[in-house]
Amino acid sequence: MTDIIQLLPDAIANQIAAGEVVQRPASALKELLENAVDAGATQIQVVVKDAGKQLIQVIDNGKGMSATDARMSFERHATSKIRTSQDLFAIRTFGFRGEALASIAAVAQVELKTRPNDAELGTLIQIEGSEVKKQEPVAVPVGTSVAMRNLFFNVPARRNFLKSNPVEMRHIVDEFQRVALSYPDVAFTLFQQDMEVFSLTSGKLSQRIVGLFGKSYQGQLVPCEEETPHVNVKGYIGKPENAKKTRGEQFFFVNNRFIKSTYLHHAVNSAFEGLIASDQHPFYVLFLEIDPAQIDINVHPTKTEIKFEDERTVYAVIRSAVKQALGAHHVMPSLDFSL
Ligand code: ADP
Ligand code: MG
């Protein structure tokens, strides 16, 4: 029998991998924002057209890339963030898989402009469907701009699966809010169809919350803090009277990475027991600091689920931190023996 197994061409391998990383415009935005933060940017601008279906552009003033790195950044498994398998257990950056840009460039038309501060000229790269169309020097400010146009232009089936503009825009705003919350000292703007949706100056977390969710949050935030040998908790909870029927304004971050956890959500909800109706959800933005060796963030490519070594301790610490915050601010009787 003749041999029939072949390695997939890069463009096809990238397109398959893209299915894991880029489900919709918002997932591309998440990756681009995380890259900007990882590059040490202090100002990040986002421009969105047609709910991201036509354009998502992220412009940062971070460290930029050399011409060679700019080209390398689109290769799959190409990353500056980890080198050894040991590094996997001490990840402090958002990225590490080296898959995002390769995936995005496989299923969209991408224009990258970038310049590090030790170069006089920057680099422009245009790439579509993994194919480099142009690479040339260009005069640009220090930092990086990535414009992603016509997502899934070459995968009609997936383009047709995109939801209506309001739904896709909601996902975009969700991702934007998560990154903006975890970096209040970075200034962010979001423009949609040339209209300014958010303009967030660098400041404290409480100001960032008000900037994102509105003035009605002013004076409604209760600081929440607890330090234990295992995990530190820090952030804000909303007063019980501000609890809402809709879920969505609940945020957990673990080592500054947004995560979803129904289990930990329950820890907060249970601390609010008796203060809010059972069908309501309190507002919270809580940051957990934990030894990276105690967690595994490598469970899913988009990395919103993580595994804790000791989930029950984390649960208990969060519950007690929220109870104490509520008690200390006289939101509930401060003598609470159930702590
Ligand atoms: P990862 O973030 O997992 O390393 P990406 O595909 O997102 O993989 O990016 C590949 C590499 O390109 C990064 O490791 C980084 O060195 C570089 N890079 C990407 N975006 C930027 C940016 N905005 N500024 C500077 N460097 C960047
Ligand atoms: Mg990345």
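**Notebook: two sheets, two domains and one ligand**

I began with strands E1 (residues 43-49) and E2 (residues 55-60), and I found that they pair in the antiparallel sense over 6 bridges. Looking for one pair of partners between them, I noted that Val-46 has Val-58 in E2 as its bridge partner. I then followed helix H2, which packs on the sheet and touches E1, E2 and strand E6 (143-149), and I wrote down that the direction of H2 makes about 10° with that of E2.

Before going on, I reminded myself that this is a predicted model. I saw that the protein averages a pLDDT of 91, with 95% of the residues scoring at least 70, and that the model scores ipTM 0.99 and pTM 0.92. I marked residues 334-339 for caution, since pLDDT stays under 50 there, and I noted that the model has 6 contacts beyond four places in sequence for this stretch.

**The first sheet**

I looked up the other pairing of E1 and found 6 bridges that join E1 to strand E7 (residues 187-192), the two running parallel. In this pairing, Gln-43 has Ala-187 in E7 as its bridge partner. E7 in turn pairs with E8 in the antiparallel sense over 5 bridges, and here I found that the partner of Leu-190 is Phe-198 in E8. The hairpin of E7 and E8 has 2 residues between the strands, and in it Gln-193 takes a positive phi near 50°.

Stepping back, I wrote the order of the 8 strands as E5-E4-E3-E6-E2-E1-E7-E8, which form an open sheet with mixed pairing. Strands E5 (131-138) and E8 (195-200) stand at the edges with a single partner strand each, so one side of each is left without a neighbour in the sheet. I also noted that the twist averages 10° from one strand to the next.

**The second sheet**

I turned next to an open sheet of 5 strands in the order E9-E10-E13-E11-E12, where the pairing is again mixed. Its edges are strand E9 (221-227) and strand E12 (257-259), and because each has a single partner strand, one side of each lacks a neighbour in the sheet. The twist in this sheet averages 20° from one strand to the next.

Within the sheet, I checked strand E11 (residues 250-254) and strand E13 (residues 284-290), which run parallel and are joined by 5 bridges, and I noted that Phe-253 is partnered by Phe-287 in E13. Helix H6 packs on this sheet, touching E11, E12 and E13, and its direction makes about 55° with that of E11. Helix H9 (residues 311-328) packs on the sheet as well, touching E9, strand E10 (231-238) and E13, with a direction at about 135° to that of E9.

**The two domains**

I took the bounds from the domain assignment, which gives domain 1 (10-200) and domain 2 (215-328). I found 12 residues of domain 1 in contact with 12 residues of domain 2. On the side of domain 1 that touches domain 2, helix H1 (10-21) and helix H6 (165-182) each supply at least two residues, and the largest share, 3 residues, comes from H6. By class, I listed 7 nonpolar, 2 polar and 3 charged residues on that side of domain 1.

**Around the ligand**

Last, I looked at the 23 residues around ligand 1, of which Asn-35, Ala-39, Ser-73, Thr-79 and Gly-95 come nearest. Helix H2 (25-38) and helix H4 (100-106) each supply at least two residues of this shell, whose classes I recorded as 8 nonpolar, 9 polar and 6 charged.

Methods:
Residues numbered from 1 in each chain as written. Chains lettered and ligands numbered in written order. Predicted model: local features only at pLDDT ≥ 70, side-chain atom pairs only at ≥ 80, totals over all residues. pLDDT = per-residue confidence, 0-100. Contact = placed C-beta atoms within 7 Å. Near = placed C-beta within 6 Å. Helix = DSSP H or I, 4+ residues; strand = E, 2+ residues; numbered from the N terminus. Nonpolar A, V, L, I, M, F, W, Y, C, P; charged D, E, K, R; others polar. Pairing = 2+ DSSP bridges. Axes fitted to C-alpha atoms, helices over the stretch in contact; angles between N-to-C directions. Domains from an automatic or database assignment.
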